[in-house]
Protein chains: 2
Amino acid sequence: MPSIPPAPRVQTDASAELRVIALQMFAEHGYTATSLQQIADAAGYSKSSVLYHFRSKEALLEEALAPAVQTLGAFLDSTVARASSDELRSAFVVEFVDLLLEHRLAAHIIINQGQTLSDIPMMDEARRYIDCIGESFMSELPTTKQRIRLGIALAGAAYVLVASRPSVADIESVDEVREALVDVVSELIAGLNR
Amino acid sequence: MPSIPPAPRVQTDASAELRVIALQMFAEHGYTATSLQQIADAAGYSKSSVLYHFRSKEALLEEALAPAVQTLGAFLDSTVARASSDELRSAFVVEFVDLLLEHRLAAHIIINQGQTLSDIPMMDEARRYIDCIGESFMSELPTTKQRIRLGIALAGAAYVLVASRPSVADIESVDEVREALVDVVSELIAGLNR
DNA sequence: CTCTAATCTGACCGATCGGTCAGCGACTGC
DNA sequence: GCAGTCGCTGACCGATCGGTCAGATTAGAG
């Protein structure tokens, strides 16, 4: 047992490094359009090394998305309870927007490529979570207009972040964007009870 | 010159048939994930026949998207003029929603796969049109919240239609969906002047 | 009938894909 | 010193991709 138990190897963890790079490239160019060779080149490794750390290309995608999907699952549990309570919906909106902001790249992949990659288990799991969140509202929203309103609020907020080019990072104004998203989505959600 | 000049060959026009099938498969499974062989099989032709009618796979995509992009371009011309006029904005919303409904598959491809396929000229053209429509509003909407509001309205409406599974065609309730979309988007657009 | 053009196809091509495998050097515990 | 594990790599594999090409089939014009 050395005196430095955990060891500061975190800095150059190849697996974590590959997950980040793969997530960026999958989001920017698409999963099928991104080859393992391109990921390896971008990371400074060989293609064989990538497949040493990850069983397959699909496994690399799943591990890269895992944190976001896990957070989404936890978010789902807290959603079902608070969907019916009006005052708790504002907290729901804040959490929803923060989730999108924190896992922006993963959200990009799930939203834009989820339908195409439906044969990948984790991708389908994430989409089921999203559907479930929607349904926890929908059960109380029988009319088409109410369902469209909720759809525009959630899908619109997600897509505003997702559609923006990577160059439009606007790191400084992220708080401003967050506040605006919360305001507009809250307004749409509030308009459901009418 | 026979007495029937144009000839009723429209029914079995191979090119048009291939455009329709390719558009469906590109939208459902993605452009890169759909091979020319799969398109040929679905249409009942050989892969060589597809490449006889279309110079390349990319040309097939562009010709399949052409009608939608052309309509989008015409829509852009009428948009710039009416963006500044409040009472004309309601007409803008109706046209926007109808455009999405009419070219649902093409919109699906452009929205979800446009960033990935940015090397295809027509795809970039369509995205420039969309950006231009947004900017014709944005120039008068300096605050972040106003821009987010418009983004949620347009992107949300587009994505509500695009995200729905093909099985959720709801042919009967299309008018109901159309009306709900127009209402909610109009409400968000109207809220810009505040 | 013949000639020609349009339509369609199978065989084939080079490139690239995801994935396997044997082996390389470096580090570690004994 | 030595055996064994770990991280990594190049060579290689079968499959599939988009695309080319020569030729078979068909139909219409003269």
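Trainee: Which elements each supply at least two residues of the surface near DNA strand D?

Mentor: They are α3 (47-53) of chain A together with α3 (47-53) of chain B. Helices here are DSSP runs (H or I, at least four residues), numbered from the N terminus. A residue is near a strand if one of its heavy atoms lies within 4 Å of it. This is a predicted model, where local features need pLDDT of at least 70 and side-chain atom pairs count only at pLDDT 80 or more, while totals for chains, interfaces and linings use all residues. Residues are numbered from 1 along each chain as its sequence is written, chains are lettered from A and ligands numbered from 1 in the order in which they are written, and side-chain values use heavy atoms, with hydrogens and water left out.

Trainee: Which element gives the most to that surface near DNA strand D?

Mentor: α3(A) does, with four residues.

Trainee: Which residues come nearest to DNA strand D?

Mentor: Of the 15 residues around the strand, A:Ser48, A:Ser49, A:His53, B:Lys47 and B:Lys57 come nearest. Sugar and phosphate make up 52% of the atoms of DNA strand D that come within 4 Å of the protein.

Trainee: What does the side chain of A:Ser49 approach on DNA strand D?

Mentor: An N or O atom in the side chain of A:Ser49 is 2.3 Å from a phosphate oxygen of DNA strand D. B:Leu36 has a backbone N or O atom 3.0 Å from a phosphate oxygen of this strand. For B:Lys47, an N or O atom in the side chain is 2.8 Å from a base oxygen of DNA strand D.

Trainee: Turning to DNA strand C, which residues come nearest there?

Mentor: A:Lys47, A:Lys57, B:Ser48, B:Ser49 and B:His53 come nearest, of the 15 residues around DNA strand C. Of the strand atoms within 4 Å of the protein, sugar and phosphate account for 51%.

Trainee: How far is the side chain of B:Ser49 from a phosphate oxygen of DNA strand C?

Mentor: An N or O atom of that side chain is 2.5 Å away. The corresponding distance for the side chain of B:Tyr52 is 3.1 Å, and a polar backbone atom of B:Ser46 lies 3.0 Å from a phosphate oxygen of the strand.

Trainee: Where does the largest share of the surface near DNA strand C come from?

Mentor: It comes from α3(B), with four residues.

Trainee: Now the protein interface. How many residues of chain B are in contact with chain A?

Mentor: 35 residues of chain B are in contact (heavy atoms within 4.5 Å) with 35 residues of chain A. The two chains bury about 3200 Å² between them, 58% of it on carbon and sulfur atoms. Buried area is the accessible area (1.4 Å probe) lost when two parts are put together, summed over both.

Trainee: How many salt bridges does the rule find across the interface?

Mentor: The rule finds four between chain B and chain A, a salt bridge being a side-chain nitrogen of Lys or Arg within 4 Å of a carboxyl oxygen of Asp or Glu. One of them joins A:Glu187 to B:Arg149, with the closest N and O atoms 2.5 Å apart.

Trainee: Which helix provides the largest share of the side of chain B that touches chain A?

Mentor: α8(B) provides twelve residues, the largest share.

Note on methods
Polar contact = N/O pair within 3.5 Å; in protein donor to acceptor, adjacent residues only side chain to side chain.
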